[in-house]
Amino acid sequence: MPSTPEFQQTLGKPVGFTGTALHTGEKVTLKLHPAPVDHGIKFKRKDLQDEPTIDAKIENLKTVERATTIGEGSVRVHTVEHVLAALCAMGVDNAIVEMDTNEPPIGDGSAQAYVELIRKASVVAQEEARKFFDVRDTMHVESKTGTLLVLLPDTKFRISCTQAGPNNKFTQFLSIDVTPSAFEREIAPARTFVYYEDVKPLMDKNLIKGGSLENAIVVRGEAVLSKEPLRFPDEFVRHKILDIIGDLALVGRRIRGHVVAVKPGHASNADLARLVAREQTRRSAIAVTRPIPSGDGGLDTDQVMQILPHRFPFLMVDRIISFDTETKCVGVKTVTINEPFFQGHFPGHPVMPGVMQVEAMAQVASILLFKLAKTTSRIGYFMSADEVKFRKPVLPGDTIFIHAELIKSRGERLAKAKCHCVVNDAIVSEAELMFTFLDK
Ligand SMILES: [Zn+2]
């Protein structure tokens with residue numbers, strides 16, 4: 001089974017603060033509310049009739065000029081990327097972002113105010129595993145302006161970013177693992193920066209009423225203007241990473257992959273988010289449901305392999321010899337000297353590793369669970385193993401009878417199984433295993 005899942009998280013309590021909206025210059029109050037599992041992040045317009053909500057999803061993306069705007073119907077929310085980056089990086093999966101206008105407070109142009117708010121609310125675990133997007137093959141988006149975003153397989157969410165200004169001035173590079181503590185320390189304080197030539201026409205048209213040197217760094221030629229000195233020598237690339245995190249949050253799943261970004265911007269970030277979302281849709285469509293053979297008899301190897309995704313050398317069940325009841329069954333595994341683990345465990349003294357016995361118990365227990373749920377469109381994740389005891393060594397030539405009994409199941413998502421392995425009528429190992437189930 002894959003490693004322990006992470007749980008979805010929400011906020012411990014509602015929190016809020018008041019500030020200035022960048023584009024309108026209006027006063028805005030933003031509140032973050034806890035939300036149930038699988039809710040995701042939604043924005044709520046408290047100021048409008050019926051208080052409509054907008055899903056923070058890439059299909060609701062409207063515009064990407066200078067900031068990211070999402071909308072549904074005629075309702076819009078502008079500049080969502082900083083609050084989304086903070087929620088995503090601090091590990092909040094489910095929340096309502098409530099506002100009384102069409103834009104969050106700009107704060108100091110960074111995500112620091114949001115991190116503080118989330119800290120104040122605290123982040124709490126929920127009883128449902130997180131949904132991930134695991135990058136399997138390299139994906140990329142490219143634009144005519146020289147922007148390149150590559151997404152590579154990785155066990156963690158990482159970003160390596162190169163930022164370059166006009167004529168390659170202010171070229172900066174940073175690579176970081178996106179964890180809550182790294183985000184809080186290295187990324188959240190980095191402020192928005194703008195080029196004077198870009199904002200001058202907007203200022204003239206009065207389109208950024210709330211903009212000032214208190215909430216943005218302005219670059220004019222060689223000069224870097226801001227009320228407060230630079231917080232990092234490479235503050236610009238850090239803010240670029242902040243925006244990537246915020247824009248990719250629109251995928252709606254946690255990405256396990258390495259983003260390599262060259263001169264990124266909101267448009268290309270959104271393109272990558274769209275590409276990931278499309279791939280996820282494709283994967284969900286092909287995760288077909290296979291029926292489980294029913295009846296009281298056992299399962300042969302073929303049938304076992306139709307249920308379990310495991311293959312050599314990780315398939316630890318040869319056959320299921322019987323189902324006693326719906327919640328109880330016995331599997332069998334013949335251990336031969338050809339098992340790959342005997343090569344290293346230990347040469348000259350081959351003993352089957354205890355963890356492989358636990359794995360065998362987990363596989364037999366998950367056959368029970370799949371049979372109960374009547375579907376294999378889910379993956380069982382191992383959450384804990386308690387009361388594990390290894391009583392006798394298992395040697396080449398032994399036949400292990402793996403007994404599993406479901407002793408508790410909560411909904412369709414959590415289950416506990418009591419298992420033991422028997423060789424020559426003696427218990428050689430036992431464990432209580434807890435699982436959770438995730439859609440593939
Ligand atoms: Zn930004």
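These are my notes on the zinc site and the cysteines of this structure, which is a predicted model.

**Zinc site**

I began with the metal and looked up its donors. The zinc ion is held by NE2 of His82, NE2 of His239 and two OD contacts from Asp243, at 2.1 to 2.7 Å. Along the chain, I read the donor spacing as H-x156-H-x3-D. His82 belongs to helix H1 (residues 81-89) and Asp243 to helix H5 (residues 235-248), so this pair, 161 residues apart, links distant parts of the chain.

Next I asked myself what the angles make of the arrangement around the zinc ion. The four donor atoms subtend 53 to 150°, so the arrangement is irregular. For a tetrahedral label, all angles would have to lie between 85 and 135 degrees.

Then I checked two of the donor residues: are His82 and Asp243 buried or exposed? His82 has 6% relative accessibility, so I noted this residue as buried. Asp243 comes to 10% and therefore counts as buried too.

**Cysteines**

I turned to the sulfurs and asked how many disulfides there are. The count is zero. Cys88 is in no disulfide, and the nearest cysteine sulfur, in Cys161, lies 16 Å away. With 18% relative accessibility, Cys88 counts as buried, because the cut-off is under 20%.

Why does Cys419 not bond to Cys421? I found the sulfur of Cys421 to be the closest cysteine sulfur to that of Cys419, but at 7.9 Å the separation is too far for a bond; a disulfide needs the sulfur atoms within 2.5 Å. Cys419 is also buried, at 3% relative accessible area.

Note on methods: Residues are numbered from 1 along each chain as its sequence is written. This is a predicted model: local features need pLDDT of at least 70, side-chain atom pairs count only at pLDDT 80 or more; totals for chains, interfaces and linings use all residues. Side-chain values use heavy atoms; hydrogens and water are left out. Donors are N, O and S atoms within 2.8 Å of the metal (3.2 Å for Na, K and Ca); water is not among the atoms, so sites may look incomplete. Four donors count as tetrahedral if all angles lie between 85 and 135 degrees; four count as square planar and six as octahedral if opposite donors are over 155 degrees apart and all others between 65 and 115; anything else is irregular. Helices (H or I, at least four residues) and strands (E, at least two) are DSSP runs, numbered from the N terminus. Buried means under 20% relative accessible area, exposed over 50%, partly exposed in between (1.4 Å probe, protein chains only).
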